[in-house]
Amino acid sequence: MRVLVLTTALRFTPDVQLLLHLAAALHARGEVVAVAGIHRSAVDRAVTTGWPRLSVRTFGSVESSRHTSAVREVVSALRPDVVLVRSEADARLASAAMGARGGVLRLLGLDEREASDDAGGSRWSFGRTRARIVEWGRRSPALSWPSAAPDDEVHETGLTSELLVLPAPPHAETEESAPYDGHTATALRAAAHLRRRHSDLKVTLLGEPEGMQSARVHAAALDLTSALSIRSVQSLLGLHERGATALWVADQGDGGAICTMAAMSQGIPVVMAHDAAASVLVAPAITGFFDQVASAGGTVTSVSLVMELARLLGDRTVRRTMGEAARHKAQREHGWEAFVDEATAQLVKAGGAPSRDRTSKTTSSAGSRS
């Protein structure tokens, strides 16, 4: 399989880094991989110094914004089976260059939401083996990985009395979170109950402050203001730290699924509704818990769930055991190698050409039969 990794990015950002990590992993597996980037850009220099074994093609210049003909020349020269890109603009460039052959894959960013465009727009769904596999346009499947890079270092900061809460996403029309969202409300009620016994418990809302007004008002009514803080979702997705007591996922969409995997990768148990799309990731009482009350549409806090969380707060051994179980499950089912396996399968499907590994296995099998 011949893969062209195309990027017009000028800066070496984490999402571009992920793209190149994937290119290197595919190359290591025996695929024919080339990287095409803007001449004399930071990405061009990074590939040359960081991945010297990758074939590099440069085009255009940092001053130019018109790359259509240059990308067509690269595609014409290399004749790839599939093109892997990062941005929507690059996907359009690659599609124009590939023409009727199709075979363009886009590596989507974390919790990236886009307005619908032509050919069906962006569609969101959660798969059992990945945070999401969606389609760009009619031809181009895309992949998502819940980390900035496969070799992110997780720093052990010690266990903390902190409940992370990922609220439901804002309404598209108002950009405000739904008032008294059942899942977020239940999480805050549970935190209020826990604070009666564990006065040092901190509650952290993950997201942008402007979308947290309803949750903040609700927290104030529960006398949680002094314990409340707001952090960007990137603080969790970046995998820079571990040690929070649990992550309560009220977001039942793909953002919640991605954050669930990110938390589990750090050894943080997860609480969510049992009917959420990402609930397949959680093993009850092993890697996290289900909130049955919120699933039924209620807002009354489950006593048994609060007791389980109190046990995590009061018993560090139990907390470490559950955290390690979550980390191992995330690594086993959603680790970097599993992601590369799935990326390879999607590339083969999009390009319509067998991978080198599959070809060699087929040849080997035929030889042994003869």
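In this predicted model, strand β2 is joined to strand β3 (residues 55-59) by five bridges, and the two strands run parallel. Within this pairing, Gly37 stands opposite Thr58 in β3. The path that links the two strands passes through helix α2 (residues 42-50), and β2, α2 and β3 together make a right-handed β-α-β unit.

Strand β2 also has a partner in strand β1 (residues 2-6), with which β2 pairs in the parallel sense over five bridges. Here Leu6 stands opposite Ala36 in β2, and β1, helix α1 (residues 14-28) and β2 make a right-handed β-α-β unit. Strand β2 itself covers residues 32-38, and because six of its seven residues are buried, the strand is largely enclosed by the rest of the structure.

Further along the chain, Leu166 belongs to strand β9, which covers residues 162-166. Is this residue buried or exposed? Leu166 has a relative accessibility of 5%, and it therefore counts as buried, since buried means under 20%. Leaving aside neighbours within four places in sequence, the residues in contact with Leu166 include Leu206, Val233, Leu247, Trp248 and Cys259. Ala187, which is 21 residues apart from Leu166 in sequence, lies 9.3 Å from it in space, C-alpha to C-alpha.

Turning to the chain as a whole, its secondary structure comes to 13 helices and 15 strands, and buried residues make up 50% of its 370 residues. Of the contacts with a separation of 6 or more, 66% are accounted for by residues 24 or more positions apart. The accessible surface of the chain comes to about 17,100 Å², and 51% of this surface belongs to carbon and sulfur atoms.

Conventions. Residues numbered from 1 in each chain as written. Predicted model: local features only at pLDDT ≥ 70, side-chain atom pairs only at ≥ 80, totals over all residues. Heavy atoms only, no water. Helix = DSSP H or I, 4+ residues; strand = E, 2+ residues; numbered from the N terminus. Buried < 20%, exposed > 50% of the residue type's maximum accessible area, 1.4 Å probe, protein only. Contact = heavy atoms within 4.5 Å. Areas by Shrake-Rupley, 256 points an atom, 1.4 Å probe, with all protein chains shown as cover. Pairing = 2+ DSSP bridges. Right-handed = clockwise from strand over helix to strand, strands pointing away.
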